[in-house]
4 protein chains.
Amino acid sequence: MDKEKMAEWLAQGSIAIPKLLLQHYKRLGLTEVEFMLLLHLHAFMGEGVWFPTPDELAERMTLTPAQCMEALRKLLQKGFVSIEEQVDGAILGEKYSLKPLWEKLVHHLISESMNEHKKERQEEEQ
Amino acid sequence: MDKEKMAEWLAQGSIAIPKLLLQHYKRLGLTEVEFMLLLHLHAFMGEGVWFPTPDELAERMTLTPAQCMEALRKLLQKGFVSIEEQVDGAILGEKYSLKPLWEKLVHHLISESMNEHKKERQEEEQ
Amino acid sequence: MDKEKMAEWLAQGSIAIPKLLLQHYKRLGLTEVEFMLLLHLHAFMGEGVWFPTPDELAERMTLTPAQCMEALRKLLQKGFVSIEEQVDGAILGEKYSLKPLWEKLVHHLISESMNEHKKERQEEEQ
Amino acid sequence: MDKEKMAEWLAQGSIAIPKLLLQHYKRLGLTEVEFMLLLHLHAFMGEGVWFPTPDELAERMTLTPAQCMEALRKLLQKGFVSIEEQVDGAILGEKYSLKPLWEKLVHHLISESMNEHKKERQEEEQ
């Protein structure tokens, strides 16, 4: 096992996933497969691939390209992902954005926190 | 939205997943749901819960406790997870270990790298 | 290089640092050495060492134990770290908490965002 | 505090630092300030800024641009960073590479592991 290869592996690095997302995705209405698809999107974008194709995604997942396409369609429809225009040099392209996902998470956390607050007050009043 | 709540959310932190695992889990024979189960195990252990129950896992996943149990059984059988004894103070307990997962990943990376090397040499010889 | 060793290294994992903290620590009044000390505290706590000694910190840093102690004192005084009581089984101990750090960061982000907002409105009014 | 701003903050994400690097940088011959400079380089590159200037680095650090330049020079000289050529579209540019850092870490880990092994054998022989 040569050192250079190992250094290359270390250099690959890691992806950071907020624990809040891991704890709440189910309540946001995401399945495990959808979570993983979002994770792959996130990873691809980190590599500079802003609009991975269903084929590229299927390469890393146990889904077929058609299933990836269908899952992407659903995520777009349910409002977890959006598509934005992007200008890269002279080329006009498209890119995925996970901003809707983070907005949903924040929205969920805030309403959860408000509900807790309300419940506490009701208990105090009794 | 109070600041203290936001600080609490920030304090939760993130979990780091090696990109190598994300790119190769499929080839190791893991499905997306199994990957997520391992991720939850990893997160629980990071919180000091070394042997999360199927109920605790099901709380965060779209699976039922029975499905979590079945998935755990499969991961143990396929050799991605092991159970180790653990002494915590005077209490003897059990804990999950993901060491087998990392060993499988390293094994896979090494054989892949050796195959590439072999292929390169064969092409040179032709 | 044996595989088991490599698997062990992979198993060590990574620590996730919010990019917001990396971009703003200077404005919060932290030096690079103080940032690193906080990072080590965070790492120790992740390993279950809730109250690392100056000696343990100095082991991993280029500071002497006395310098670590002095730096810790300053971080406590400037309100980036606090010490909390902790009950672990029957043992009453102390632990560091980074909650004050996150509160400072949130406070900074909010006032920055409010200043931007104010500036935008002033420009509109002119 | 509006939700959109918070979602933006969450979207910023985190940087993952291998714990091995955090535990061994001192033995590799890095100071805390140098570690932080490497971390900033890493973060900039993750944002697509492959060759941050001393001014850009000084913006986020407590160092002056001149001190950043000097620190970069030293890291290049000590072999923790290298400069590579990069073709981006039609533009030929330069980019920093942290590959030397990972190679140094791997080299250190291997020799440490070999020393331990040697010591164990010597103790067995006695």
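Chain B and chain A each bring 36 residues to the contact between them. The model is a predicted one, with an ipTM of 0.90 and a pTM of 0.91. The points below take up the relation of these two chains, the surroundings of one residue in chain A, a strand pair in chain D, and the confidence of the prediction.

**Chains A and B**

- The area buried between chain B and chain A comes to about 3500 Å², and carbon and sulfur atoms account for 62% of that area.
- Between chain B and chain A the count of salt bridges is zero.
- A turn of 180°, with a shift of 0.0 Å along the axis, lays chain B on chain A with an RMSD of 0.0 Å, and that is the relation of a two-fold axis.
- Within chain B, the C-alpha nearest this axis belongs to B:Ala16, at 2.2 Å from it.
- Of the interface residues of chain B, 100% are also interface residues in chain A, so the copies meet through the same surface.

**A:Leu41 and its surroundings**

- A:Leu41 is part of helix α3 of chain A, which covers residues 32-46.
- Because its relative accessibility is 0%, against a cut-off of under 20% for the buried class, A:Leu41 counts as buried.
- When neighbours within four places in sequence are left aside, A:Leu41 is in contact with A:Pro52, A:Leu57 and A:Leu72, and also with A:Val81, A:Tyr96 and A:Leu98.
- A:Gln77 lies 36 residues from A:Leu41 along the chain, and the C-alpha atoms of these two residues are separated by 16 Å.

**A strand pair in chain D**

- In chain D, strand β2 (residues 82-88) and strand β3 (residues 91-97) pair in the antiparallel sense, with seven bridges between them.
- Together β2(D) and β3(D) form a hairpin that has two residues between the strands, and D:Gly89, which lies in the turn, has a positive phi of about 65°.
- D:Asp88 stands opposite D:Ile91, a residue of β3(D).

**Confidence of the prediction**

- For chain A the mean pLDDT is 92, and 99% of the residues of this chain reach 70 or more.
- Among the elements of chain A, the lowest mean pLDDT, 86, is that of helix α1 (residues 3-12), whereas the highest, 98, is that of helix α5 (residues 65-77).
- As a caution for reading any such model, predicted coordinates should not be read in detail where pLDDT is low.

Technical notes: Residues are numbered from 1 along each chain as its sequence is written. Chains are lettered from A and ligands numbered from 1 in the order in which they are written. This is a predicted model: local features need pLDDT of at least 70, side-chain atom pairs count only at pLDDT 80 or more; totals for chains, interfaces and linings use all residues. Side-chain values use heavy atoms; hydrogens and water are left out. pLDDT is the predictor's confidence in each residue, from 0 to 100. Helices (H or I, at least four residues) and strands (E, at least two) are DSSP runs, numbered from the N terminus. Two strands pair if DSSP finds at least two bridges between them. Copies are superposed by least squares on the C-alpha atoms of residues with pLDDT of at least 70 in both. Contact means heavy atoms within 4.5 Å. Buried means under 20% relative accessible area, exposed over 50%, partly exposed in between (1.4 Å probe, protein chains only). Buried area is the accessible area (1.4 Å probe) that two parts lose on being put together, summed over both. A salt bridge is a side-chain nitrogen of Lys or Arg within 4 Å of a carboxyl oxygen of Asp or Glu.
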